[in-house]
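Q: I should like to learn how to read the surroundings of a ligand. Where should I begin?

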Amino acid sequence: MKNIVLKPAARLRGEIVLPGDKSISHRALILSAIADGDCHITGLSNALDVNNTIECLKKLGIKIQTKGEQVIVKGGGMYGLKAPKTILDAGNSGTTIRLLSGILAAQDFITEITGDASLQNRPMRRVIEPLEMMGAQIESNMFKAPLKIRGNQLRAIDYASAVASAQVKSCILLAGLYAKGITRVTEPSESRNHTELMLREFNVNIQANPGMAGVKGPAQLQPADIDVPADISAAAFFLIAGCLVPDSEIIMPNVGVNPTRTGILDALIAMKAPVQTEPQVTINYEPRQKLIARPVNLNPTHLSGSLIPRIIDEIPILAVAATQANGTTTIKDAGELRIKESDRITTVVSNLKKMKANIREIKDGMIIDGPSRLRGAEIDSYGDHRIAMAFAIAALFAEGETQINNIECVDTSFPGFFEMLESLRNG
Ligand code: S3P
């Protein structure tokens, strides 16, 4: 088990190249794998999660090569996958297991797919149910991984998802590519729409409105070249660091600012910390922009309702930020946090309490009274990359030293995170 001891930072300065967006990277690989020929991906994330998708696709017979800055996926068409010889391992990655399940549900072979202990504890009923309605047969461990997916000729469905989840929506849309007719998913509020936008890039007939997406099958995917923007969920840690460490200026070029992901920017505007600059550039339907974070006095804010899916991965770091805001911040309607890589309501609240923040857990969120002077403490990541990184940022403006235990998990989304942080201290 690796740990790190962090001291407060006097300032953080510099320009950083963040990893490619993790969500877009998974989709670029998976869609390329079933496209009709070679696809070129630039800016692909080097996260372990994304590597797990690559390894799963390779086990399914897809050739993936790296040439300099480019990753080339030799798409084999809709039915180009081969029965894997061994069980697929999604590691810690919910996106890998849930999105791949959508494709595997339509293959004429059986696939077993599992993940690490955390992933084996996360709910899979949300994808098993719709895929079985479409005709697949899936054995599971009481609706959890490992999953044994027996593919079938699928039928189109109209599915009302009880949760706003891009993984569920994407899983069903991917299965819908194989079903005759229109497969439609509605969700209670809009989740990230990268799958819908990218399918358009692969020339698939897709309809999408906020809260509704439909795909016409059977589809054929024309090869496409995808440029992945920097990950706004990775940027979030440095946005908050730059706002809270005195005398800082952190510049982040080319960050993906798809409106279904920019809840963090909206939250920061509400907290009186605007960080967006320059006009946007759009490639592959995905807008990107340079972000710059500088110190500000944060206002408190209220995060709830349809904003939650747009900040779901940023809530741990926003909670850390809220401890420094001048008043009470509330986070509600965020029960989905309990079934992420850790129970992020409990892990954020218990760690912030250790640092002497004034914070209270509620069923679907938390209430934070700021500002409070955080004190260095011994923190556990609970094996959750976003918890490890959120508390590394908290350490920068806490009094004394903070030890973060169990930090290997950071590689799940952001290899090189701690090195980047150090480079800013010396910038
Ligand atoms: C993701 C969707 C979100 C998010 C996860 C990545 C995706 O999960 O938390 O980190 O790439 O589709 P849910 O769909 O479960 O909300």
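**Reading a ligand site**

A: The ligand is surrounded by Ser-23, Arg-27, Thr-95, Ser-165, Ala-166, Gln-167, Arg-192, Ile-312, Asp-313 and Lys-340, where a residue is near a molecule if one of its heavy atoms lies within 4 Å of it. This is a predicted model, in which local features need pLDDT of at least 70 and side-chain atom pairs pLDDT 80 or more, while totals for chains, interfaces and linings use all residues. Residues are numbered from 1 along each chain as its sequence is written, and side-chain values use heavy atoms, without hydrogens and water.

Q: Which side chains have an N or O atom 2.7 Å from an oxygen atom of the ligand?

A: For the ligand, a polar contact is a pair of N or O atoms within 3.5 Å. The side chain of Ser-23 has such an atom 2.7 Å from a ligand oxygen, and so does the side chain of Ser-165. Ala-166 offers a backbone N or O atom, 3.0 Å from an oxygen atom of the ligand.

Q: How much of the ligand does the protein bury?

A: Accessible areas come from the Shrake-Rupley method with a 1.4 Å probe. Taken alone, the ligand exposes 380 Å², and the protein buries 94% of that.

Q: What is the conformation of the peptide bond from Ala-145 to Pro-146?

A: Most peptide bonds are trans. The bond from Ala-145 to Pro-146 is cis, with omega near 5°. The bond from Gly-217 to Pro-218 is also cis, with omega near -5°.

Key
Polar contact = N/O pair within 3.5 Å; in protein donor to acceptor, adjacent residues only side chain to side chain.
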